Amino acid sequence: MKTWLGSGVLFSLVLFVSPAWAVSEAQDIATTIMLRGYACGGQQVSQIDKQADAQGNQVIRATCPNGQRYQIDVSAAGRVKVKPL
Amino acid sequence: MGMIRYLIYSLSLLLCASVAWADCNGSADVAVPETLEKSISKPSMQVATVDMNAPKVVSPISSEKMKKTTKVTQETNLEAHAEANDCTGISMDELVQRLKESKAIGFFTKLAIRADVLDFKQYVDDLKKKRALDMEMPKVHESFNGLVLKIMALLEEDPDLSEKIYTARASILKSLLEVKS
């Protein structure tokens, strides 16, 4: 009976517990840089600086594990541009 | 006792879900070639055997006719393939919604994907304006396949959505090509 209960609980956990993965901002920015064809040398960036203007445009500067620093411009319309600094 | 009943209920739920999933995904992979075989292979095989075995006997008129027939069967093939790939059980709106809600990719990555899709739509619109869409169809397909592969690679942590996008790729392309500028 104990085995049944144990396996039941385990089974319910497997069935009903949703995956807890979520991407961090550092990973997200690194992926965006790589998606635009730039080398980053890792999965996460560091030294993230964010600036936003009144129009809703956003400028993000981050450093990749390979030492290269990038600027990501996100326009108010949702366009993403990446340029190395 | 209640726990056992709960376990049986969970098992039956899992069984139902797996059957429904297999109906659409598993059998789609298997059923597509079968349906295609039924609807396509017979006429195209006939044309192929005539072309391969007796090219000298066939007159220019009949070969033209055959080319037309081949073209028609190829078009039918594409339509049949698109319809067969339509077994996704998911609409475009739902797909977009699921992409928006997916935790496998972050906000900026989603924005970048959105920009890529918009660029692709712009590319198709430009071709439509130039009336060169049919001519550039292989390039359009190549570009679209690249886009799908990119999205699938990004959705590594969300295999269910990735699979749904892959299965629905024909209808996604169809809807992107049909979008009016």
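Does Arg131(B) count as buried or exposed, and how many C-beta neighbours lie inside 10 Å? In this predicted model, Arg131(B) counts as exposed, because 8 C-beta neighbours are found inside 10 Å, whereas a residue is taken as exposed if that count is 12 or fewer. Arg131(B) is placed in the loop between helix 4 and helix 5 of chain B, and its phi is positive, at about 55 degrees, although the residue is not a glycine.

The chain that holds this residue is described next. The secondary structure of chain B consists of 7 helices and 0 strands, so that, read from the N terminus, its elements follow the order α-α-α-α-α-α-α. Of the 181 residues in chain B, 13% are buried. Among the contacts of chain B with a separation of 6 or more, 76% join residues that stand 24 or more positions apart.

Helix 4 of chain B covers residues 107–129, and its 23 residues should span 33 Å at 1.5 Å a residue, because the expected span is 1.5 Å times one less than the number of residues. The C-alpha atoms at its two ends are 33 Å apart, which agrees with that expectation. The buried residues of this helix are Phe108(B), Thr109(B), Leu111(B), Ala112(B), Ile113(B) and Val124(B). What covers these buried residues comes from both chains: it includes helix 2 (25–35), strand 3 (69–74) and strand 4 (80–84) of chain A, together with helix 5 (137–154) and helix 7 (169–178) of chain B. Helix 4 of chain B also lies across strand 3 and strand 4 of chain A, and it runs at about 105 degrees to strand 4 of chain A.

In chain A, 4 strands form an open sheet in the order 1-2-3-4, with antiparallel pairing. Strand 1 and strand 4 of chain A are the edge strands of this sheet, since each of them pairs on one side only. On average, and with direction ignored, neighbouring strands of the sheet are turned by 15 degrees against each other. Helix 2 of chain A lies across strand 1, strand 2, strand 3 and strand 4 of chain A, running at about 85 degrees to strand 1 of chain A.

The pairs of strands can then be considered in turn. Strand 1 of chain A pairs with strand 2 (residues 58–63) of chain A in the antiparallel sense, over 5 bridges, and Gln51(A) has Val59(A), in strand 2 of chain A, as its bridge partner. The hairpin of strand 1 and strand 2 of chain A has 5 residues between the strands, and in this hairpin Gly56(A) takes a positive phi near 100 degrees. Strand 3 and strand 4 of chain A likewise pair in the antiparallel sense over 5 bridges, and the bridge partner of Asp73(A) in strand 4 of chain A is Lys81(A).

Strand 1 of chain A is hardly covered, as the count of buried residues among its 7 residues is 0. Gln47(A) lies in this strand, which comprises residues 46–52 of chain A, and Gln47(A) is exposed, because 10 other C-beta atoms lie within 10 Å and the limit for an exposed residue is 12 or fewer. Gln47(A) has a positive phi of about 50 degrees although it is not a glycine. A positive phi in a residue that is not a glycine is thus found both for Gln47(A) and for Arg131(B).

Definitions and conventions
Residues are numbered from 1 along each chain as its sequence is written. Chains are lettered from A and ligands numbered from 1 in the order in which they are written. This is a predicted model: local features need pLDDT of at least 70, side-chain atom pairs count only at pLDDT 80 or more; totals for chains, interfaces and linings use all residues. A residue is buried if 20 or more other C-beta atoms lie within 10 Å of its own, exposed if 12 or fewer, and partly exposed in between; C-beta atoms are placed from the backbone. Two residues are in contact if their C-beta atoms, placed from the backbone, lie within 7 Å. Two strands pair if DSSP finds at least two bridges between them. Axes are lines fitted to C-alpha atoms, for helices over the stretch in contact, and angles run from 0 to 180 degrees between N-to-C directions.
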